[in-house]
Amino acid sequence: MSSLPGVSDTFDPQRWREIQSEDDPLVDTTYHRLISRGAADGVPAGVDLPVVRIAIDRPEIRNGFDPRTVDELYRCIDDARSTPDVAAIILTGNGPSPKDGGYAFSSGGDQRSRGTDGYQYLADQTPYGERGADPAGMTEQRRSRIDRGRRARMHILEVQRLMRSTPKPIIAAIPGWTTGGGHSLMVVCDLAVASAEHAVFKQVDANVSSFDAGYGAGLLARQVGDKRARQIFFLAEPYTPQEAEAWGVINKVVPHAELEDTAIDWGLTVATKSPQSIRMLKYAFNMIDDGIAGQQAFAGEATRLAYMTEEAQEGRDAFLQHRAPDWSKYPYYF
Ligand SMILES: CC(C)(COP(=O)(O)OP(=O)(O)OC[C@H]1O[C@@H](n2cnc3c(N)ncnc32)[C@H](O)[C@@H]1OP(=O)(O)O)[C@@H](O)C(=O)NCCC(=O)NCCSC(=O)c1cc(O)c2ccccc2c1O
C-alpha cells in the first residue's frame, strides 16, 4: 500500500471518489470513480464523471501482482466494463514505494508467489468467490480439492482477455517500471501515457524463465514491428519512455506531474464520442489479432445494430405472430 494519503503522488484526491465493496474489500488494488470539481468540469461538484481509475497498490514490490491482485484487477475491470455510464478506464500503479521511493506501473507476476506450475495464493489469502464461504468451516477434504485447482493460476491472461473484450478504451498511465507481465498489461491497453522522469520499460520474461507468448509478444510485434519486439524480449534491455513513444509502444511521454491529468483528459475526450462508434472501433482494431473471438465480439455488436432495424423486428414479430415474415419493404442492398 502506498504511504501517501492520496494513494499516489499523481493522484488528485479532489477528483476521485473511492469505490469499495464492503463485503469484499480490495486489498492489493484501489478503484476510483472520477467526480466533477464543479465549474471546471461543467457539472455540479461531486457528480460522477464517466472515467474510472484502477491501480495496483503494491508499490513496495514495484506493483507486482499475485493471484489475489489478479482477482481484484478482474473484479474492478469487470465492474467498469458493466457500468453503463463509464466510458473509459485508466489502469495505473500507485506509488512511489514507501520503502525506496521507486515508481512502477507493474513489475509483473510476484515471483514470491510463483510455484512449480503457476502462481499460488498465499496461505492467508482466500480466493475470490470463496470469500464469505467460511473457509474455516470447510472440511479438510473440500479445502484440499479447492487448493489443488487454485495452486497454479495463470489468470492474468484472463484479465488480458477481459481487457480486450471490454468495449471501452483502457488507458495505461505509466508512472515508473513496466516489466514482465506488467509490460504485457501495458501492451494490451488501448492507449498509454508515460512519465518522462520515472517510466522505464524492460521485458524481463526470459530472464526469469517465463514467456508471455500471447498478447505480450504477439501484439507487441504488431505495435512495434517484428524485429523491435524480438529485441525487446531477447535482449531484455531497459528502454526509455522516449524510445517507447518513438517505437509505438506508448502514445505519449509527459512530465510526471501531468501523467494522470493526461490520462483523465483522454478518458473524458473518449466520453465525448459516440459509444457505439468507440465499441465498434475497439472491436474492429482487435479483430485481426483475436481470430474468431475477435470476429464474434465485432459481430455481436453488428447484431445489436441489426436488431434496431425494422427488418429484424419483422423477423421477430412474424415468429411470435405465427406468420410468414414480409420482407418486401427491405431491399437487397448492394
Ligand atoms: C522492476 C525492476 C526492474 C525494478 O528494479 P529496481 O532496482 O528499481 O527495484 P528492486 O529490484 O530493488 O525491487 C524493489 C523490491 O521489489 C521487489 N520486486 C520487484 N519486482 C518484483 C516481482 N515481480 N516479484 C516479487 N518482488 C518484486 C524486489 O525484490 C525488491 O524487494 P526487496 O525486498 O529486495 O526490497 C526489478 O525489481 C525487477 O526486475 N523485478 C522482477 C521482474 C520480474 O521478474 N517479473 C516477472 C516476469 S514473469 C511475469 O510477469 C508473468 C506473469 C504471469 O502471470 C504470466 C502468465 C502467463 C504467461 C506469462 C506470464 C509472465 O511472464
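This briefing covers the ligand site first, then a set of individual residues and their backbone and side-chain details. The model is predicted. Its ligand is surrounded by 24 residues. The space that the ligand takes is the largest pocket. The protein buries 70% of the ligand surface.

**The ligand shell**

- Of the 24 residues around the ligand, the closest are Ser107, Gly109, Gly181, Asp205 and Ser210.
- By residue type, the shell holds 10 nonpolar, 8 polar and 6 charged residues.

**Polar contacts to the ligand**

- Gly109 uses its backbone: an N or O atom there lies 2.7 Å from a ligand oxygen.
- Gly109 is also listed among the closest residues to the ligand.
- Trp177 uses its side chain, with a polar atom 3.1 Å from an oxygen atom of the ligand.
- Glu60 comes in through the backbone, where a polar atom is 3.5 Å from a ligand oxygen.
- Taken alone, the ligand exposes 1,100 Å², and 70% of that is buried by the protein.
- Three elements give two or more residues to the shell: α3 (156-165), β7 (177-179) and α4 (180-188).

**The segment before β1**

- Ser8 lies in the segment that precedes β1 (16-18).
- Ser8 counts as buried because its relative accessibility is 6%, and the cut-off for buried is under 20%.
- The Ser8 side chain reaches the backbone nitrogen of Gly95 at 3.2 Å.
- Thr10 is also placed in the segment before β1.
- Thr10 has a relative accessible area of 12%, so it is buried.
- The side chains of Thr10 and Glu260 are joined by a polar contact of 2.8 Å.

**The loop between β4 and β5**

- Gly95, the partner of the Ser8 side chain, is joined to Pro96 by a cis peptide bond.
- Omega for the bond between Gly95 and Pro96 is about 5 degrees.
- Pro96 is found in the loop between β4 and β5.
- Pro98 has its place in the loop between β4 (88-93) and β5 (104-106).
- Pro98 is partly exposed because its relative accessible area is 42%, and partly exposed runs between the 20% and 50% cut-offs.
- Pro98 and Glu60 are 38 residues apart along the chain, yet their C-alpha atoms are separated by 6.4 Å.
- Glu60 is the residue whose polar backbone atom is 3.5 Å from a ligand oxygen.

**Asn63 and helix α1**

- Asn63 sits in the loop between β3 (48-56) and α1.
- Phi of Asn63 is near 60 degrees, a positive value although the residue is not a glycine.
- Asn63 has 0% relative accessibility, so it counts as buried.
- Arg68 lies in helix α1, which spans residues 67-81.
- Arg68 counts as buried because its relative accessibility is 18%, under the 20% cut-off.
- The C-alpha atoms of Arg68 and Arg114 are separated by 13 Å, with their positions 46 residues apart along the chain.

**The segment after α10**

- His322 is placed in the segment after α10 (310-320).
- His322 has a positive phi of about 55 degrees, although it is not a glycine.
- His322 counts as exposed because its relative accessibility is 75%, and the cut-off for exposed is over 50%.

**Points to check in the viewer**

- At the ligand, look at Gly109 and Trp177, which lie 2.7 Å and 3.1 Å from a ligand oxygen.
- For the cis peptide bond, look at Gly95 and Pro96.
- For positive phi outside glycine, look at Asn63 and His322.
- Asn63 is buried, whereas His322 is exposed.

Notes
Residues numbered from 1 in each chain as written. Predicted model: local features only at pLDDT ≥ 70, side-chain atom pairs only at ≥ 80, totals over all residues. Heavy atoms only, no water. Near = heavy atom within 4 Å. Polar contact = N/O pair within 3.5 Å; in protein donor to acceptor, adjacent residues only side chain to side chain. Areas by Shrake-Rupley, 256 points an atom, 1.4 Å probe, with all protein chains shown as cover. 1 Å grid on protein atoms, 1.4 Å probe; cavity = no way out; pocket = protein on both sides within 12 Å on 5 of 7 lines; lining within 4 Å. Sits in = over half its atoms within 2 Å of the grid points. Helix = DSSP H or I, 4+ residues; strand = E, 2+ residues; numbered from the N terminus. Nonpolar A, V, L, I, M, F, W, Y, C, P; charged D, E, K, R; others polar. Buried < 20%, exposed > 50% of the residue type's maximum accessible area, 1.4 Å probe, protein only.
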